[in-house]
Every structure is written in structure tokens, then in C-alpha cells.
Amino acid sequence: APPSQAISTEGVDPWLHLTVRRGDTLSSLLQKAGLDLNSIHEITSGSKNAKELAELDLGDELDLLMQDGKATELRLHRSKLESLAVTLEGDKYQARKITRTPEIRFGFAAGTIDSSLFTAGQKAGLNDQITLKLADIFAYDIDFAQDIQQGDRFSVVYEQLFLDGEKIGDGKILAAEFINGEKTYLGILYTNQKGATNFYTPDGELMRKQ
């Protein structure tokens, strides 16, 4: 008989990935993963931060690393940027929060009003949140319910947030221009020496009138 060949584990993901569904609790998830109640108690009482593990929301992702039938690390992903890690150190579990910083890239969009600002924003590739921020910048100069008209134009430079090469959202608007009829308004984000951040005109005047 030919000699038996060892099964290669190279490239095998050692983590167990769980997603919180309706009715799930931390205890039920860990029991499904094969942990006994004593092990679950050790994990949830390891430190004060570990108690946050019990506060699960639908869609949260829980990663579990098992070695020799024992959980050596858990990671509860609250969002793409915030996680709670519980790690076995010696014979006790210690919890720590993990916060990731996204890569910031710059996006540019421009559009022309044909029916509404939101329609024009969508055609320009902006989400509604950025379009709301755009309107808020010029709210003291333009009544967007009454003053905008067909043919008005806008352009905006804004932050795009990336994590591991994947876009996860948009950040702040850095500069924006709005042409309303024959008037042109320009707002630029600036942080002064006191740490206050506001939008200013190119002449250094606050966009928000006092």
C-alpha cells in the first residue's frame, strides 16, 4: 500500500467566524463553537472591557481562535474600524480595544442642478450625507428650498475613507463651490490655532454668519 500523505494545513484559516443573528447571545454563540460554560465565564469576567462582549448587535461579527479545544482569542467587530479583542494570557483573559485608522484619499465631484440638489448629487456620485454637508456649508447664503434654480452648478473636494484597499465611506468636505445664478460662493475647511474647525471664504470670513 502506498505511504499515507499528511494533509497540509498551509493556507487554512484557523479562525472560526460567527455572525450575530436574531436571538443569539454571547453564551449561545460560544457554546455553538464548542466552549463549556466554565470557559465562557472565564472569558466574560476576564476584565471590565470583556463585559462589552455581552452587548451584541445584529450583524456584529465574532472571530474565535481555538487551540487544543480552548479559546485563545476572540475578536468582536463592532465596525470595520472598531473591535474588542479578548486574549488568553497565561491562565487569564485580557481585553483590549482595537481602533484602526482608515487611509484618506481625496475625491472630487461636480454637477449641475436640473431638478434638485440631491438628484444632481447622486448623478455626480455623491451620497446623500455628503450632499447634506454641501448644502449646510452654504445654508447662510443660499435658501436651498427657494433660491436654487436649474443650471446652478457645484463642485466639491472631500475625503474618501479606505481600509485594506476597500472604500468604507466618506469623510469631511474639504472645499466646495456653488454657483447660484450669477453669484459664486466658495467655502474652504480650515482649523485655526485654537483648534476650531470651520468653513471660510477665500478672504478669511466665516461662512456661518454670527
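These exercises, each with a worked solution, walk through strands, helices and pockets of a predicted model.

**Exercise 1. Trace the strand pairings that run from β6 to β9, and state which sense each pair takes.**

Solution.
- Step 1: Start with β6, residues 103-112. Strand β6 pairs with β7 in the antiparallel sense, over 10 bridges. One place to see this is T112, which stands opposite R153 in β7.
- Step 2: Move on to β7, residues 153-163. This strand is joined to β8, residues 166-180, by 10 bridges, and the two run antiparallel.
- Step 3: Finish with β9, residues 183-191. Six bridges join β8 to β9, again with the strands antiparallel.
- Step 4: Follow a row of residues across the strands. F154 has F178 in β8 as its bridge partner, and F178 in turn has Y185 of β9 as a bridge partner.

**Exercise 2. Is β7 largely enclosed or not, and why?**

Solution.
- Step 1: Recall the cut-off: a residue is buried when its relative accessible area is under 20%.
- Step 2: Apply it along the strand. Nine of the 11 residues of β7 are buried.
- Step 3: Draw the conclusion. With that count of buried residues, β7 is largely enclosed by the rest of the structure.

**Exercise 3. Find the residues with positive phi in the two hairpins that involve β8.**

Solution.
- Step 1: Look at the hairpin of β7 and β8, with two residues between the strands. There, D164 takes a positive phi near 55°. This is a positive value in a residue other than glycine.
- Step 2: Add the surroundings of D164. The residue sits in the loop between β7 and β8. Its relative accessibility is 65%, so D164 counts as exposed.
- Step 3: Turn to the hairpin of β8 and β9, which also has two residues between its strands. Here G181 has a positive phi near 65°.

**Exercise 4. Describe the setting of K167: its strand, its exposure, its bridge partner and its contacts.**

Solution.
- Step 1: Place the residue. K167 belongs to strand β8.
- Step 2: Classify its exposure. K167 has a relative accessibility of 37%, so it counts as partly exposed.
- Step 3: Find its partner. F162 has K167 in β8 as its bridge partner.
- Step 4: List its contacts. Apart from neighbours within four places in sequence, K167 touches Q160, L161 and F162.
- Step 5: Check a distance to another part of the chain. K167 and I104 are 63 residues apart along the chain, and their C-alpha atoms are separated by 9.7 Å.

**Exercise 5. Which residues are buried in α2 and in α4, and how are they placed around each helix axis?**

Solution.
- Step 1: Begin with α2, residues 37-44. Its buried residues are S39, I40 and I43. They cover an arc of only 100° around the axis, so they lie on the same side of α2.
- Step 2: Look at the other side of α2. L37, N38 and H41 are exposed there.
- Step 3: Ask what the buried side meets. The buried residues of α2 pack against α1, β3, β4 and β5.
- Step 4: Repeat for α4. I130, T131, L134, A135 and I137 are buried in this helix. Their arc around the axis is only 155°, which puts them on the same side of α4.
- Step 5: Identify the partners of α4. Its buried residues pack against α3, β7, β8 and β10.
- Step 6: Link the pattern to helix geometry. An α-helix has 3.6 residues a turn, so residues three or four places apart point the same way.

**Exercise 6. Give the volume and the lining of the two largest pockets.**

Solution.
- Step 1: Take the largest pocket, which holds about 300 Å³ of space. Its lining has 15 residues, and H77, S79, K80, R100 and L163 lie nearest the centre.
- Step 2: Sort that lining by class. There are three nonpolar, four polar and eight charged residues. β3 and β8 each supply at least two residues of the lining.
- Step 3: Take the second largest pocket, with about 180 Å³ of space. Among its lining residues are K133, D136, I137, K172 and R208.
- Step 4: Sort the lining of the second largest pocket. The classes are five nonpolar, two polar and four charged residues. α4, β8 and β10 each supply at least two residues of this lining.

Note on methods: Residues are numbered from 1 along each chain as its sequence is written. This is a predicted model: local features need pLDDT of at least 70, side-chain atom pairs count only at pLDDT 80 or more; totals for chains, interfaces and linings use all residues. Side-chain values use heavy atoms; hydrogens and water are left out. Two strands pair if DSSP finds at least two bridges between them. Helices (H or I, at least four residues) and strands (E, at least two) are DSSP runs, numbered from the N terminus. On a 1 Å grid over the protein atoms alone, a cavity is a set of points where a 1.4 Å probe fits but cannot get out, and a pocket is an open set with protein on both sides within 12 Å along at least five of seven lines; lining residues have an atom within 4 Å of a point. Grid points are joined across faces, edges and corners, and a volume is the space filled by probe spheres set on the points. Ala, Val, Leu, Ile, Met, Phe, Trp, Tyr, Cys and Pro count as nonpolar, Asp, Glu, Lys and Arg as charged, and the others, Gly among them, as polar. Buried means under 20% relative accessible area, exposed over 50%, partly exposed in between (1.4 Å probe, protein chains only). The arc is that of the directions from the helix axis to the C-beta atoms. Contact means heavy atoms within 4.5 Å.
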